[in-house]
Amino acid sequence: MANDIISSMQNPKVKALLALQQKSSERRKSGLFVVEGLRELLHCVEAGMEIDTVFFCPEILKNEQADMEVLTSLNAARGIYEVTAEVYSKMAYRGGTEGVMAEVKEKKLALSDLRLKGRPLIVVLESVEKPGNLGAILRSADAAGADAVVVCDPLTD
């Protein structure tokens with residue numbers, strides 16, 4: 001399943017992933033963003049997002065056999081790569097990780113893509129600078145059953 005086993009932080013694929021994590025300019029230029037965790041990755045798949053590249057560490061996977069079956073079912077455009085635990089620990093940006101991260105293609109939506117019915121609840125945002133604030137608003141909108149969140153001038157990605 002895996003194309004290669006990556007054991008060096010100097011690997012160009014690892015460097016590219018780290019650049020995506022750290023630089024919004026890199027995310028905008030490439031149209032990719034990083035997702036960490038199997039559950040989060042599966043949410044992306046369910047939402048119709050296109051998976052570009054997957055990195056996994058079998059030593060960290062919680063349920064290795066079941067998780068490997070899920071990973072093999074992903075249709076990653078550029079491949080699925082096994083990484084060592086040492087490399088994965090340097091790539092991971094959150095604790096308690098599940099041993100899987102991926103580069104996912106951004107899905108741009110426009111107002112014309114909205115399909116609203118009845119009396120929709122729409123949240124409109126302007127000048128949200130901090131990613132944590134945007135995340136809190138998105139979670140609140142989801143909990144309230146909002147039909148759409150419109151970000152007018154994205155200062156955060």
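Me: Which residues of helix α3 are buried?
Reply: This is a predicted model: local features need pLDDT of at least 70, side-chain atom pairs count only at pLDDT 80 or more, and totals for chains, interfaces and linings use all residues. Residues are numbered from 1 along each chain as its sequence is written, and side-chain values use heavy atoms, leaving out hydrogens and water. Helix α3 covers residues 38–46 (helices are DSSP runs of H or I, at least four residues, and strands runs of E, at least two, numbered from the N terminus). Buried means under 20% relative accessible area, exposed over 50%, and partly exposed in between, with a 1.4 Å probe and protein chains only; in α3 the buried residues are Leu 38, Leu 41 and Cys 44.

Me: Why do these three count as being on the same side of α3?
Reply: Take the directions from the helix axis to the C-beta atoms; they define the arc. Leu 38, Leu 41 and Cys 44 are on the same side of α3 because their arc is only 115°.

Me: Which residues are exposed on the other side of α3?
Reply: Turn from the buried side, with Leu 38 among its residues. The other side of α3 carries two exposed residues, Arg 39 and Glu 46.

Me: Where is Glu 36, and what is its relative accessible area?
Reply: Glu 36 belongs to strand β2, residues 32–36. Glu 36 is buried, with a relative accessible area of 2%.

Me: Which residue has its backbone nitrogen 3.0 Å from a polar atom of the Glu 36 side chain?
Reply: Start with the contacts of Glu 36, meaning heavy atoms within 4.5 Å. Leaving out residues up to four places away in sequence, they include Tyr 88, Ala 92 and Arg 94. Another residue touched by Glu 36 is the one with the backbone nitrogen at 3.0 Å: Tyr 93.

Me: Which are the edge strands of the open sheet?
Reply: The sheet has 5 strands with mixed pairing, in the order β1-β4-β3-β5-β2. Two strands pair if DSSP finds at least two bridges between them. An edge strand pairs on one side only. That picks out β1 (5–6) and β2.

Me: Which residue of β5 stands opposite Phe 55?
Reply: Strands β3 (residues 51–56) and β5 (residues 100–105) pair in the antiparallel sense over 5 bridges. Opposite Phe 55, in β5, stands Met 101.

Me: What angle does helix α1 make with β5?
Reply: Helix α1, residues 12–22, packs on the sheet and touches β1, β2, β3, β4 (79–83) and β5. Axes are lines fitted to C-alpha atoms, for helices over the stretch in contact, and angles run from 0 to 180 degrees between N-to-C directions. Between α1 and β5 the value is about 70°.

Me: Where do the buried residues of α6 pack?
Reply: These residues are Leu 134, Gly 135 and Ala 141. They fall within an arc of 125°, so they line one face of the helix. The face turned away carries the exposed residues Arg 139 and Ala 143. The buried residues pack against β6 and β7 (148–151).

Me: What phi does Ser 127 have?
Reply: Ser 127 is in the loop between β6 (122–125) and α6 (131–143). Ser 127 is partly exposed, with a relative accessible area of 38%. Ser 127 is not a glycine, yet its phi is positive, about 60°.

Me: Which residue just after α6 takes a positive phi?
Reply: Look at α3 beforehand: Gly 48 follows that helix with a positive phi near 85°. Just after α6, the residue with a positive phi, about 80°, is Gly 145.

Definitions and conventions
A polar contact is a pair of N or O atoms within 3.5 Å; within protein, one must be able to donate a hydrogen and the other to accept it, and residues adjacent in sequence count only if both atoms are side-chain atoms.
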